[in-house]
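Subject: Handover of a structure and notes on its contents

Dear colleague,

Please find the structure below, together with an account of what was found in it. I would be grateful if you could read the notes alongside the coordinates.

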Amino acid sequence: MTELRLLTAGESHGKNLVAILEGIPANLKISLEEIVLQLQRRRIGKGRGSRMHIERDMIEVVSGVRHGRTTGNPIGIIIGNAEWEKWKEIMSPFADACNNEEAILYPRPGHADLAGICKYNQTDIRNISERASARETAARVAAGALCRIFLKEFSIEIVSHIISIGNVSIGDRSVTFQQARAIKAFSPLRCVDQKVKAKMVKIITASAKKGDTLGGVFEIIVKGVSPGLGSHIQWDLRLDGALAGAIMALHGIKGVEIGRGFESARLQGSQVHDAIYYNKKRGYYRGTNNSGGIEGGMSNGEEIRIRVAMKPIPTVRHSLPSVNIATGKKGTATFQRSDVCAVNPASVIGEHIAAIILTQFFLRKFGGDSMQETKYNYNGYLKQYQYQP
Ligand SMILES: Cc1cc2nc3c(=O)[nH]c(=O)nc-3n(C[C@H](O)[C@H](O)[C@H](O)COP(=O)(O)O)c2cc1C
């Protein structure tokens, strides 16, 4: 069987986004509704821009699934752009389109624009910004939704919730998996505390009025992962490294912590490390979960907890100073319609990125070309480790 891998293609205003997900075993029951639901969740959020009202995700599964079940072939997914008619000339792949659009010449601070035009030797920033846009994450969510369906077969579930927006926070209280799961699928702000949530809504509205933007922190919680995904034996096999890397690779993310993360660096060892217990009914367990469910690069059977910091959206209405890339003259960054705060969709996308990495690590450990084979291998492993002491 092949290693799980995902490639995405497509530009923000291009005709389609494309995802190819290879390595999902055959005979997994797939529901299109589940993928559509997750794509809808990705579009929602207090502070999202007007494009989100226009955007509908027109999704098509074009390969790798037949009569509702995976075949083991690469799964191809296409997500159409509802506004393509408007963009078809500007984004035409070929030179014969009649396109009078002027080049975008003022790179936006905080974006890929400037480094991108230098690196790819471009004279129109659109050739960078279209692909650098977070619209690409719709393809990752679609593939991640398939991975979630796979993980659910093994009782692995992923939820998320928002800890802070700007300087409004629920503080350092711990939110349970159940509390996070109880948040409504289409909540515009996935915060468990209604009073804090109201304050978050308020500062996003105030920021929008001022023409400014906000970031925040969210947490992803994964339940049901057995001990032993990932490995201590090689740096690139470590589960924490892969999860942190993949989540850091989401647009706008500037910090990832596993468990108590940065806070643990301020404490004594005896306050941080999770004591080990055992009884016949539960097997091994911990009294605390400061490690966030990963030790030595391996899942340890506790909930995996990942905290993620997102910077404020870089496109601000009172545009920041920039330079014309054709003339070198001073100016202000190009302003396009933009989100004010995207922490809510980022938390949903984060869930799906975690799903992709966990599926990859799960299949690395248990393999299987069909779901039956994967389940057989998994159940054998469960028996083996439960009888250890
Ligand atoms: C769901 C989501 C929506 C975003 N929406 C916008 C937006 O409307 N305008 C914007 O300037 N940046 C937006 N961003 C952030 C940028 O995509 C990101 O900051 C930029 O691509 C630079 O990447 P970096 O911040 O990872 O360095 C969004 C990010 C995410 C995850």
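UniProt positions are given here in the numbering used for this structure, and the annotations may be inferred rather than shown by experiment. With that understood, the record, an unreviewed entry, places the feature "binding site" at Arg42 and Arg48. Please also bear in mind that the model is predicted.

The two arginines

Arg42 is situated in helix α1, which comprises residues 32-43. A residue counts as buried when 20 or more other C-beta atoms lie within 10 Å of its own; Arg42 has 28 and is therefore buried. Leaving aside neighbours within four places in sequence, the contacts of Arg42 are Thr137, Ala138, Val141, Pro345, Val348 and Ile349.

Arg48 belongs to the loop between α1 and α2 (51-54). It has 21 C-beta neighbours inside 10 Å, so Arg48 also counts as buried. Beyond residues up to four places away in sequence, Arg48 touches Asp339, Ala342 and Pro345. Pro345 thus appears in the contact lists of both Arg42 and Arg48.

The packing of α1 and α6

Arg42 also takes part in a helix pair: Glu34, Ile35, Gln38, Leu39 and Arg42 of α1 meet Thr137, Ala138, Val141, Ala142, Ala145, Leu146 and Ile149 of α6. The axes of α1 and α6 are 9 Å apart and make an angle of about 135 degrees. The two helices are therefore oblique to each other, and α1 passes α6 in a right-handed crossing.

The sheet beside α6

Helix α6, residues 137-152, lies across β1, β2, β3 and β6 (75-80), and runs at about 35 degrees to β2. An open sheet of 4 strands is found here, with antiparallel pairing and the order β1-β2-β6-β3. The edges are formed by β1 (5-9) and β3 (58-63); each has a single partner strand, so one side of each lacks a neighbour in the sheet. On average, and with direction ignored, neighbouring strands of this sheet are turned by 15 degrees against each other. Between β1 and the antiparallel strand β2 (residues 16-22) there are 5 bridges. Within this pairing, Leu7 has Ile20 in β2 as its bridge partner.

A further annotation

The unreviewed UniProt entry also gives a "binding site" annotation that covers Arg131, Ala132, Ser133, Gly296, Lys311, Pro312, Ile313, Pro314, Thr315 and Arg337. These positions span 207 residues in sequence, and their farthest two C-alpha atoms are 44.2 Å apart, so they do not all gather at one spot.

Two of these positions were examined individually. Lys311 is in the loop between β15 (304-310) and β16 (321-323), and Thr315 is likewise placed in the loop between β15 and β16. Are they buried or exposed? Lys311 has 15 other C-beta atoms within 10 Å and is partly exposed, whereas Thr315 has 21 C-beta neighbours inside 10 Å and counts as buried. Not counting residues up to four places away in sequence, Lys311 touches Gly215, Gly252 and Lys254. On the same basis, Thr315 touches Arg108, Phe335, Gln336 and Ser338.

Yours sincerely

Note on methods
Residues are numbered from 1 along each chain as its sequence is written. This is a predicted model: local features need pLDDT of at least 70, side-chain atom pairs count only at pLDDT 80 or more; totals for chains, interfaces and linings use all residues. Two strands pair if DSSP finds at least two bridges between them. Axes are lines fitted to C-alpha atoms, for helices over the stretch in contact, and angles run from 0 to 180 degrees between N-to-C directions. Two residues are in contact if their C-beta atoms, placed from the backbone, lie within 7 Å. A residue is buried if 20 or more other C-beta atoms lie within 10 Å of its own, exposed if 12 or fewer, and partly exposed in between; C-beta atoms are placed from the backbone. Angles under 35 degrees count as roughly parallel, over 145 as roughly antiparallel, 65 to 115 as roughly perpendicular and the rest as oblique. A crossing is left-handed if the near helix is turned anticlockwise from the far one by less than a right angle, and right-handed if clockwise.
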